[in-house]
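Open the model in your viewer and keep the selection box at hand. The stops below run in order.

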Amino acid sequence: MMREKIIGRKRFMTDFKPSHIEEYEISPFTLLIMPINYGSKIYSHIIEVEDEFISPFKPIDIIKKSCEYFGSSYEGRKDGTKELIGITHKAPIAIDPTSSVFFFPTTSPMRPKCIWLSHSHVSRYNRQDSTHTKVVFRSKQNIEVPVSSSSFGNQVLRTAQLKAKLTQRIEESERKSYYLFTGSGNSEASEFSSAYTPGSRKR
């Protein structure tokens, strides 16, 4: 089982039973969300820095719900990714850009085996074989995912590009707001207003 490959915890996964949870929103503490077979259904195994949960929802459902929780829709976030970096296939998602929570899928999100990982928690990754990659998180936990290292690296790079672009946009917006509300540049604004106010002329 894939979950048995996660190590570096106080207890090995084989001796640990995650709590069952109904409602879950992704947070800065979430490392990954991966599918598990639960009877005839697909549930989610959620791993955080210090905790683990089992949810009766599929990983993509948790991603969608988390986007909505932070004020957008999954489709809206996908459109944003397309607008910023031109990616539509296996698109990384800005779950909560204000907290730098960006997740990316290992394969098409509609495929049952798709795993979602937090970009900020990934420390490094290594090729295991042609179809498997070992991912090490900053918390020292690790997992082997069924995807080539080149494909995984491409997803990491795409997410970094999305994060950089979106951060740039946010900083530009904040800078404009700063000038607007602090009065910086008011002399220029006043001069412009005077020059173009009906009945006023520069002398």
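Start with helix H1, residues 59–69. Select Pro59, Ile60, Ile62, Ile63, Ser66 and Cys67: these residues of H1 are buried (under 20% relative accessible area, with exposed meaning over 50% and partly exposed in between, for a 1.4 Å probe and protein chains only). Helices here are DSSP runs of H or I of at least four residues, strands are runs of E of at least two, and both are numbered from the N terminus.

Now look down the axis of H1. The buried residues fall within an arc of 160°, so they line one face of the helix. That arc is taken from the directions from the helix axis to the C-beta atoms. Turn to the face away from the buried side: the exposed residues Glu68 and Tyr69 are there. Step just past H1 to Gly71, which takes a positive phi of about 90°.

A word on the source. This is a predicted model, in which local features need pLDDT of at least 70 and side-chain atom pairs count only at pLDDT 80 or more, while totals for chains, interfaces and linings use all residues. Residues are numbered from 1 along each chain as its sequence is written, and side-chain values use heavy atoms, with hydrogens and water left out.

Next, the core. Select Ile26, Ile63, Tyr74, Ile95, Phe103 and Trp116: of the 16 residues in the largest nonpolar core, these touch the most other members. Such a core is a set of buried Ala, Val, Leu, Ile, Met, Phe, Trp, Tyr and Cys residues joined through side-chain atoms within 4.5 Å. H1, strand S5 (93–96) and strand S6 (101–105) are the elements that give two or more residues to this core. H1 supplies the largest share, 4 residues. Then select Leu31, Ile47, Phe137 and Ile143, which are among the 15 residues of a second, separate core.

Move to Ser55 in strand S4, residues 52–55. Is Ser55 buried or exposed? It counts as buried, at 1% relative accessibility. Show its contacts (heavy atoms within 4.5 Å). Beyond neighbours within four places in sequence, Ser55 touches Ile21, Glu22, Tyr43, Ser44, Ile46 and Ile62.

Ser55 also leads to a cavity. Select Glu22, Glu23, Tyr24, Ser55, Phe57, Ile62 and Lys65, which line the largest cavity. A cavity is a set of points, on a 1 Å grid over the protein atoms alone, where a 1.4 Å probe fits but cannot get out; lining residues have an atom within 4 Å of a point. The volume of the largest cavity is about 30 Å³. Its lining has 3 nonpolar, 1 polar and 3 charged residues.

Two loop residues come next. Lys90 sits in the loop between helix H2 (74–85) and S5. Lys90 is not a glycine, yet has a positive phi of about 55°. Lys90 is buried, with a relative accessible area of 16%. Go on to Ser100, in the loop between S5 and S6. Ser100 is not a glycine either, and has a positive phi of about 60°. At 26% relative accessibility, Ser100 counts as partly exposed.

Finish by zooming out. The protein has 4 helices and 10 strands. Along the sequence, the pattern is β-β-β-β-α-α-β-β-β-β-β-β-α-α. Of the 203 residues, 38% are buried. Among contacts between residues at least 6 apart in sequence, 48% join residues at least 24 apart.

How values were computed: On a 1 Å grid over the protein atoms alone, a cavity is a set of points where a 1.4 Å probe fits but cannot get out, and a pocket is an open set with protein on both sides within 12 Å along at least five of seven lines; lining residues have an atom within 4 Å of a point. Grid points are joined across faces, edges and corners, and a volume is the space filled by probe spheres set on the points. Ala, Val, Leu, Ile, Met, Phe, Trp, Tyr, Cys and Pro count as nonpolar, Asp, Glu, Lys and Arg as charged, and the others, Gly among them, as polar.
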